[in-house]
Amino acid sequence: LNNVAIAAQHALNNHRDQIQRVVVLDWDLHHGDGTQSTFYHNPHVLYISLHAQSHFPFSKDCGPQHVGQKGTNVNVAWSR
């Protein structure tokens with residue numbers, strides 16, 4: 001289970017009168033491809049992934065060109 005994705009969707013579903021958008025900041029070694037794909041087309045969630053480029057050179061979805069619908073996805077891969 002993806003706890004962050006569940007919590008973000010719960011907030012949007014149950015607190016719409018107080019919350020219009022959610023930001024998910026994923027900062028670690030790995031690219032969060034599951035969270036990215038969950039919210040890629042959702043204009044109410046901004047997903048930001050900061051991850052090591054050297055650990056995901058084979059992933060086609062973790063580059064900066066994958067911005068999602070209306071800029072809802074940001075990938076920042078760092079190198080050594």
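## A tour of the chain, strand by strand

Begin with the whole chain in a cartoon view, where you should find two helices and three strands; keep in mind as you look that this is a predicted model. If you colour from the N terminus onwards, you can follow the elements in the order α-β-α-β-β.

Next, select the strands together. They form an open sheet of three strands in the order β1-β2-β3, and the pairing between them is parallel. Now pick out residues 22–27, which are β1, and residues 73–78, which are β3: both strands stand at the edges of the sheet and each has a single partner strand, so one side of each is left without a neighbour in the sheet. While the sheet is in view, turn it so that you look across the strands, and compare their directions: neighbouring strands are turned against each other by 10 degrees on average, with direction ignored.

Then select residues 45–52, which make up β2, and keep β3 visible beside this strand, since here β2 and β3 pair in the parallel sense over six bridges. For a closer look at the two strands, show L50 and find the residue that stands opposite, which is V76 in β3.

Finally, go back to the whole chain and switch on a surface. The chain exposes about 5,300 Å², of which carbon and sulfur atoms supply 57%, while 36% of the 80 residues count as buried, that is, under 20% relative accessible area. How many of the contacts between residues at least 6 apart in sequence join residues at least 24 apart? In this chain, the share is 60%.

How values were computed
Residues numbered from 1 in each chain as written. Predicted model: local features only at pLDDT ≥ 70, side-chain atom pairs only at ≥ 80, totals over all residues. Heavy atoms only, no water. Pairing = 2+ DSSP bridges. Helix = DSSP H or I, 4+ residues; strand = E, 2+ residues; numbered from the N terminus. Axes fitted to C-alpha atoms, helices over the stretch in contact; angles between N-to-C directions. Buried < 20%, exposed > 50% of the residue type's maximum accessible area, 1.4 Å probe, protein only. Contact = heavy atoms within 4.5 Å. Areas by Shrake-Rupley, 256 points an atom, 1.4 Å probe, with all protein chains shown as cover.
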